[in-house]
Amino acid sequence: MKSDRVSSEHTNESANPLTARDHPLPYSLLLNHPPTGSSDQGRWEDFGISQLPELRRSLLNWYAEAGRDLPWRRTRDPYAIWVSEIMLQQTQVKTVIPYFERWLEQFPTIASLADAEQQQVLKAWQGLGYYARARNLHRAAQLIVQDYGGTFPTDFETVIELPGIGRTTAGGILSAAYNQPVAILDGNVKRVLARMIALEVPPKRAIGLLWQVSTTLLDPIHSRDFNQALMDLGATLCTPKNPACLLCPWQTHCRANQLNMQSELPISENRTPIPHKQIGVAVIWNEEHQILIDRRRQEVLLGGLWEFPGGKIEPGETVEACIQREIQEEIGIEIEVGDRLITIDHAYTHFRVTLNVHHCRYVSGEPQAIECDEVRWVTVDELDQYPFPKANVQIIEAIRQL
DNA sequence: AAGTCGTGGGT
DNA sequence: TACCCAAGACT
């Protein structure tokens, strides 16, 4: 276990002045039972001054025993911690670790990242998803070099202005790198706190309240460890399904556990069904046995990545007709649509697609970047050098197996 | 201020 | 299978 678990370079208690009693919870947000008599233990209002030391102590003690040993916890380099925080957005720890290790070898400093080409950066990010994170990380590195001499800033107001860094990520970086008492509210913390106070609305509907709770609970001395501990608690014990309440340091303080409602909380929003789109995709061969690929525009889904051109199949349209039309509209060339290469089903967050991929033969015209940033003829061996989204990597694999 | 933005893991 | 969810930010 780490020896520096309890650190104290930052001792500014006044930075965390809020107490629960300064911000009483509206009764409407509490789950059953009015706050009357002596039977109202566990209400959020009761996490006042007297409760806070015990809550903080018990969590920190648990963390010292059960906290995870993660690569980015072995450093205080704000750049490395920043990279980890960005990669970890909406992404599981297990997925991030290999990307994180490779990233720091390839881009060991802010300056080295700032100097890199965007294509290099996206290639290193390939497979992680949410590619705006990589584009913003790259842009922010260049801003830090330009405006702050390549040194990561230390004040919250400056950090949160950087592209890709919101309130939670700023708090995560500043507490982890400098032990500053800045609260966080990520998915883990939302779930833990929603259960602690038995929040009776979906966390999305009570963001302000949850920030208050996180800020109030935060240990002003051991801020780094406290925030890390809170996230570990959510990731390892206070899990979405089957939380291990018997092992939880806050078991006796948790209102959800008191009410035996830990499996019902937090309340989730009902989602609207997602659409399913049929897409025609062209693998266009020329007489030199090269393939035509295009680079997607920066702002759109998968912005900056390369793809095999194509588009949505209109109602009543055949796959072949769609491909021929899309290539004429988007690239400005004539092709002949041939055999089917592969069919790929892929699920994004807000829709599903079926890629109907066909071999095509180039016929005439000069390829133009009409609805993309760039088009290029490449050999099969050169495809590796370009960043592609996952569904297109599957197409490349199918091509290689020809 | 609801929609948008990827992919992998777990059930 | 299909669905949920993950160290959220941006528009």
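Let me start with the surface near DNA strand B, which by class is made up of eight nonpolar, eight polar and three charged residues. Please keep in mind throughout that this is a predicted model, and that every distance I quote is computed from its atoms. There are 19 residues around DNA strand B, and those that come nearest are Tyr 130, Tyr 131, Leu 302, Thr 349 and His 350. If we take the atoms of DNA strand B that lie within 4 Å of the protein, 57% of them belong to sugar or phosphate, and the rest belong to bases.

Three polar pairs on this strand deserve a mention, and each involves another part of the nucleotide. Tyr 130 has a side-chain N or O atom 2.8 Å from a base oxygen of DNA strand B, while for Tyr 131 a polar backbone atom sits 2.6 Å from a phosphate oxygen of that strand. With Gln 92, a polar side-chain atom is found 3.4 Å from a sugar or linking oxygen of DNA strand B.

Now let me turn to the other strand. DNA strand C is surrounded by 24 residues, of which the closest are Gly 164, Asp 186, Gly 187, Asn 188 and Arg 191. Here sugar and phosphate account for 65% of the strand's atoms that come within 4 Å of the protein. The residues of this surface divide by class into eight nonpolar, nine polar and seven charged.

Which helices each supply at least two residues of the surface near DNA strand C? They are α8, covering 167–178, α9, covering 187–196, and α11, covering 223–237. Two of the residues that I am about to name fall within those ranges, since Thr 169 is inside the span of α8 and Gly 187 is where α9 begins. The side chain of Thr 169 places an N or O atom 2.7 Å from a phosphate oxygen of DNA strand C. Gly 187, by contrast, uses a polar backbone atom, which is 2.6 Å from a phosphate oxygen, and Gln 90 likewise has a polar backbone atom 2.8 Å from a phosphate oxygen of DNA strand C.

Let me step back to the protein as a whole. Chain A contains 14 helices and seven strands, and of its 402 residues, 51% count as buried. Among the contacts in chain A with a separation of 6 or more, 69% are between residues 24 or more positions apart.

Among the strands, I would like to dwell on β6, residues 352–364, which pairs in the parallel sense with β1, residues 276–285, over 10 bridges. As one example of that pairing, Gln 278 has Thr 354 as its bridge partner in β6. Strand β6 is also joined to β5, residues 334–347, by 11 bridges, and these two strands run antiparallel. The bridge partner of Glu 336 in β6 is Arg 361, and β5 and β6 form a hairpin with four residues between them.

One residue of β6 that I would point to is His 359. Is His 359 buried or exposed? His 359 counts as buried because its relative accessible area is 19%, and the cut-off for buried is under 20%. The side chain of His 359 makes a polar contact of 3.1 Å with the side chain of Trp 285. Leaving aside residues up to four places away in sequence, His 359 touches several others, including Val 283, Glu 336, Asp 339 and Leu 402.

A second residue worth finding on the screen is Gly 310, which lies in strand β4, residues 310–312. Gly 310 is buried as well, with a relative accessible area of 15%. Although Gly 310 and Glu 326 are 16 residues apart in sequence, their C-alpha atoms are 5.7 Å apart in space. Again without counting residues up to four places away in sequence, Gly 310 touches Gly 280, Val 281, Glu 326, Ile 327 and Glu 330.

I will finish with the cysteines. How many disulfides does a search of the whole structure find? The search finds zero. As for individual residues, Cys 322 is buried, with a relative accessible area of 0%, and Cys 360 is buried too, at 4%.

Technical notes. Residues are numbered from 1 along each chain as its sequence is written. Chains are lettered from A and ligands numbered from 1 in the order in which they are written. This is a predicted model: local features need pLDDT of at least 70, side-chain atom pairs count only at pLDDT 80 or more; totals for chains, interfaces and linings use all residues. Side-chain values use heavy atoms; hydrogens and water are left out. A residue is near a molecule or strand if one of its heavy atoms lies within 4 Å of it. A polar contact is a pair of N or O atoms within 3.5 Å; within protein, one must be able to donate a hydrogen and the other to accept it, and residues adjacent in sequence count only if both atoms are side-chain atoms. Ala, Val, Leu, Ile, Met, Phe, Trp, Tyr, Cys and Pro count as nonpolar, Asp, Glu, Lys and Arg as charged, and the others, Gly among them, as polar. A disulfide is a pair of cysteine sulfur atoms within 2.5 Å. Buried means under 20% relative accessible area, exposed over 50%, partly exposed in between (1.4 Å probe, protein chains only). Two strands pair if DSSP finds at least two bridges between them. Contact means heavy atoms within 4.5 Å.
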